[in-house]
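Please look at the sequence and the model below before reading on. The paragraphs that follow lead from a single residue to the contact between chains, and from there to a helix pair and two unusual backbone angles.

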There are 2 protein chains.
Amino acid sequence: MTVPGRLRIVGIGPGGEDWLTKEASRSITEANDLVGYSAYIDRLPHNGGQRRHPSGNGTELERARHALRLTEEGRDVALISGGDPGIFAMAAAVFEVLDRDPRWRGVDIRVCPGISAMQAAAARIGAPLGHDFCVISLSENLKPWSLIEKRLLAAASADFVIALYNPASGARPRRIHDAFALLREVRAPTTPVVFAHAIGREDERIVIETLGATDPGLADMSTLVLIGSSRTRLIPRKGAAPFVYTPRGTKDF
Amino acid sequence: MTVPGRLRIVGIGPGGEDWLTKEASRSITEANDLVGYSAYIDRLPHNGGQRRHPSGNGTELERARHALRLTEEGRDVALISGGDPGIFAMAAAVFEVLDRDPRWRGVDIRVCPGISAMQAAAARIGAPLGHDFCVISLSENLKPWSLIEKRLLAAASADFVIALYNPASGARPRRIHDAFALLREVRAPTTPVVFAHAIGREDERIVIETLGATDPGLADMSTLVLIGSSRTRLIPRKGAAPFVYTPRGTKDF
């Protein structure tokens, strides 16, 4: 039996209407129901008969099931995700539910990609992701810390630029310190490091430091951390923060 | 002296108006001049007095200089980039020019992020980037092949999902075969592999294979290749291609 409703898993970017895609905007406008973490739902304008289902953080699987259940009632549902739903956000949670429970596999599902925090942070400061890079979540809620260490070491040793998501939380404030201790064993103290907090939102704040001299405690749960490669460079400017970028190649600098 | 014009480095996504952000749309509409690779410029609607400066592929630095020179004439310039300008696209080329030549550092420059090919490909098939991943360009135009090998090996050994940009070109059709030979030494033959060709464009084509059984020659210069981690899974569907996704953690499957 095909379910009559549909599900759009919609990325609204890290903050600010300006980074919404046309597809995301349309999916939100057309939906009967908006489901999502309350902080994301609150960013969206109210729209007549549309129902809103805000939920707490950290309940991704239950939120995904709730959205899928609504499609059984024939609803057109937008499951709202920060950033890009496909990058440490809601899309994987939905597919985990489908994987465990076949009953919703007939639902018309589409992922609407969005601007992820690393892209927004990169755009603000220059082009730090201009060369090969790795993207790692420091959250150990769903994976062992030993695997995170292995990946940090592999990424650092092969001279990737590194983007760190979920660098800290109230429950594990020391892990970003552990990560930096490990990175400092492999990478030069002069390596540029960027702390990009709440990009696109009112409390946006960007700090550019070096790996050797910085306090990793600058990262909180709303911070995206970028660690440069050995080629990442700063371009000084008069009266403004320097640009940070990674050249496209290794042959010319 | 501050230069009167301004430069917007605008990401238009991998194809299709639907993935343009509001900021990108506005920056294109407001510009006096559009500069970019002709295939990208051709995608944009014509707009009255706006001047268009299409150029060939592979001339990034010259294209960046041309855009910066136009700002000296007080022009509002949109430098058009495929995907996200910050990910293997035009932004790094602009900052390379600024790094070498200080004269344009006073220009009002902003990067407008866009949906990159890996995000569009991921959205089409499920959520393959739902966990830690690495992004590698296979182009050896600007870096030695030995470094690419080192990074492939590091990424594969630490069980990252891997997104490969620029997997092949007329000048180096065998490198994707070399890359797969290396990956096959480290990763299981059952690892899901996705070839996503021209996503969002008329000739879009997606092939889902396994590392062990596939022909890497399926990749051409318009293909984004995704290699799963050991956790990447397929969800079968009736009458449709399977979903491909990577669970958020390693603890639950």
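In this predicted model, Ile109(B) lies in strand β5 of chain B, the run of residues 108-112. Its relative accessibility is 13%, and because buried means under 20%, Ile109(B) counts as buried. Once the neighbours within four places in sequence are left aside, the residues in contact with Ile109(B) include Leu7(B), Arg8(B) and Ile9(B), together with Leu68(B), Val94(B), Phe95(B) and Leu98(B), and they also include Phe243(A) from the other chain. Pro216(B), by contrast, stands 107 residues from Ile109(B) in sequence, and the C-alpha atoms of the two are 39 Å apart in space.

The contact of Ile109(B) with Phe243(A) leads on to the meeting of the two chains, to which chain A brings 73 residues and chain B brings 73 residues. Between them an area of about 6500 Å² is buried, and carbon and sulfur atoms give 56% of it. On the side of chain A, Leu142(A), Arg151(A) and Arg248(A) supply 12% of the area that this chain buries against chain B, which is more than any other three residues. Charged side chains also pair across the two chains, with a count of 16 salt bridges; one of them joins Lys22(B) to Glu17(A), where the closest N and O atoms are 2.6 Å apart.

Within chain B, helix α6 (residues 145-157) packs with helix α7 (residues 175-186) at an angle of about 35°, and their axes are 10 Å apart. The crossing in which α6(B) passes α7(B) is right-handed. From α6(B) the contact is made by Trp145(B), Glu149(B), Leu152(B), Leu153(B), Ala156(B) and Ser157(B), while α7(B) contributes Arg175(B), Asp178(B), Ala179(B), Leu182(B), Leu183(B) and Val186(B). Sorted by kind, the residues of this contact are 8 nonpolar, 1 polar and 3 charged.

Two residues of chain A deserve a look for their backbone angles. Phe88(A), although not a glycine, has a positive phi of about 50°, and this residue is found in the loop between β4 (76-81) and α4 (90-100). Ala198(A), also a residue other than glycine, has a positive phi near 50°, and its place is the loop between β9 (192-197) and β10 (205-210). As to their surroundings, Phe88(A) counts as partly exposed at 22% relative accessibility, whereas Ala198(A) is buried, with a relative accessible area of 2%.

Note on methods
Residues are numbered from 1 along each chain as its sequence is written. Chains are lettered from A and ligands numbered from 1 in the order in which they are written. This is a predicted model: local features need pLDDT of at least 70, side-chain atom pairs count only at pLDDT 80 or more; totals for chains, interfaces and linings use all residues. Side-chain values use heavy atoms; hydrogens and water are left out. Axes are lines fitted to C-alpha atoms, for helices over the stretch in contact, and angles run from 0 to 180 degrees between N-to-C directions. Helices (H or I, at least four residues) and strands (E, at least two) are DSSP runs, numbered from the N terminus. A crossing is left-handed if the near helix is turned anticlockwise from the far one by less than a right angle, and right-handed if clockwise. Contact means heavy atoms within 4.5 Å. Ala, Val, Leu, Ile, Met, Phe, Trp, Tyr, Cys and Pro count as nonpolar, Asp, Glu, Lys and Arg as charged, and the others, Gly among them, as polar. Buried means under 20% relative accessible area, exposed over 50%, partly exposed in between (1.4 Å probe, protein chains only). Buried area is the accessible area (1.4 Å probe) that two parts lose on being put together, summed over both. A salt bridge is a side-chain nitrogen of Lys or Arg within 4 Å of a carboxyl oxygen of Asp or Glu.
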